[in-house]
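Trainee: I should like a close look at a single part of this model, namely its salt bridges. Please take me through them with attention to burial and to position in the chain.

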Amino acid sequence: MARRSFAELVRSGKPVLGTWTQITAEECVDILGAAGLEFTIVDCEHSHFGIETAERLFRACDANGMAPVVRAPSNDRVFIGRALDAGASAVLVPGISSADDAMRAVAATRYAPDGARGACPCVRASGHYTTDWPGYVAGQRHEVGIIALVETREGLDNVEAIARVEGLLAMMVGPFDLSVALGRDGDYLHPECQAALERMLTAAEAANLPVIVPLFSPEPEAARRQQLAWMEKGVRVFAVGSDKILFSDAVRRYARALK
């Protein structure tokens with residue numbers, strides 16, 4: 001199956017639904033794809049696994065027609081390059097707090113002379129040297145990129161400058177971390193946090209940069225209300241729950257109902 005491009009999903013302008021993957025099982029990715037989700041963010045920051053396991057999960061994404069995105073553990077050039085070589089179609093970089101942070105992340109996705117990504121034709125993403133290598137290199141400028149995760153007070157202060165960085169694929173608001181940074185202890189629905197998220201959205205819109213919004217509620221009706229509110233503001237791409245959130249909620253409800 002041809003690999004799905006996250007960049008194409010974002011560019012389509014249509015509503016796009018994905019989630020987060022923290023469980024190291026290809027079967028879970030199979031279920032996500034069979035359920036109709038279009039991308040998943042393989043989480044290498046808050047999970048215990050590294051790039052070897054992430055690559056297996058990328059393969060499961062490919063098999064199920066999903067775009068594989070990876071959350072890097074940090075703004076690290078080597079990890080970003082390895083993730084792209086392994087088949088990630090976009091890299092979500094946490095803690096982007098300045099335009100310099102964003103530019104450094106973008107440079108890690110670009111080959112010289114435009115950036116600092118190491119070039120090797122014998123990697124999974126390029127077909128292990130079975131494809132047109134020059135064409136692959138040229139295509140990477142448009143088909144892979146950085147999603148800037150803005151989740152700190154400093155990032156909020158600099159969000160307008162971050163959004164204007166050339167080469168970003170999208171920006172994601174980080175409601176949990178931001179709410180903690182603002183002293184609200186994870187209450188991302190607090191009015192101060194919502195105002196901060198609105199500022200991020202306004203900055204992204206001014207820069208013509210797509211925004212991805214996480215919807216963490218496992219309750220479909222609550223998530224739908226949040227989604228519709230964001231869609232009225234122009235957001236089209238959503239990361240819904242996570243594999244652990246959805247699984248744990250289902251198990252908890254069954255256990256409570258049957259005990």
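Mentor: Glu38 is buried, its relative accessible area being 18%. In this predicted model, the partner of Glu38 is Arg4, and the closest N and O atoms of this salt bridge are 3.5 Å apart. The two residues belong to distant parts of the chain, 34 residues apart: Arg4 sits in the segment before helix H1 (6-11), while Glu38 occupies the loop between helix H2 (26-34) and strand E2 (39-43). Arg4 counts as partly exposed, with 31% relative accessibility. The cut-off for buried is under 20%, so Glu38 at 18% falls on the buried side.

Helix H2 also takes part in a salt bridge, through Glu26. The side chain of Glu26 meets that of Arg56 at 2.8 Å, N to O. Because Glu26 lies in helix H2 and Arg56 in helix H3 (residues 51-63), this pair ties together parts that are 30 residues apart in sequence. Glu26 is partly exposed at 27% relative accessible area, and Arg56 is likewise partly exposed at 34%.

A further pair lies within one helix. Arg253 and Asp249 both belong to helix H12 (residues 243-258), where four residues, about one turn of the helix, separate them. Their salt bridge brings the closest N and O atoms to 2.9 Å. Arg253 is partly exposed at 47% relative accessibility, whereas Asp249 is buried at 11%.

Salt bridges can also join into a network, as Arg3, Asp62 and Arg124 do here. The structure holds 15 salt bridges, among them those of Glu38 with Arg4, Glu26 with Arg56 and Arg253 with Asp249. As a general matter, side chains of opposite charge can pair when their charged atoms come close.

The setting for these pairs includes a barrel. Eight strands close into it in the order E1-E2-E3-E4-E5-E6-E7-E8, with parallel pairing. On average, neighbouring strands of this sheet are turned by 25° against each other, direction ignored. Helix H4 (residues 77-86) packs on the sheet and touches strand E3 (67-71), strand E4 (90-93) and strand E5 (146-150); the direction of helix H4 makes about 150° with that of E4. Elsewhere in the barrel, strand E6 (residues 168-173) pairs with strand E7 (residues 211-215) in the parallel sense over two bridges. Met172 stands opposite Ile212 in E7.

Notes. Residues are numbered from 1 along each chain as its sequence is written. This is a predicted model: local features need pLDDT of at least 70, side-chain atom pairs count only at pLDDT 80 or more; totals for chains, interfaces and linings use all residues. Side-chain values use heavy atoms; hydrogens and water are left out. Two strands pair if DSSP finds at least two bridges between them. Axes are lines fitted to C-alpha atoms, for helices over the stretch in contact, and angles run from 0 to 180 degrees between N-to-C directions. Contact means heavy atoms within 4.5 Å. A salt bridge is a side-chain nitrogen of Lys or Arg within 4 Å of a carboxyl oxygen of Asp or Glu. Buried means under 20% relative accessible area, exposed over 50%, partly exposed in between (1.4 Å probe, protein chains only).
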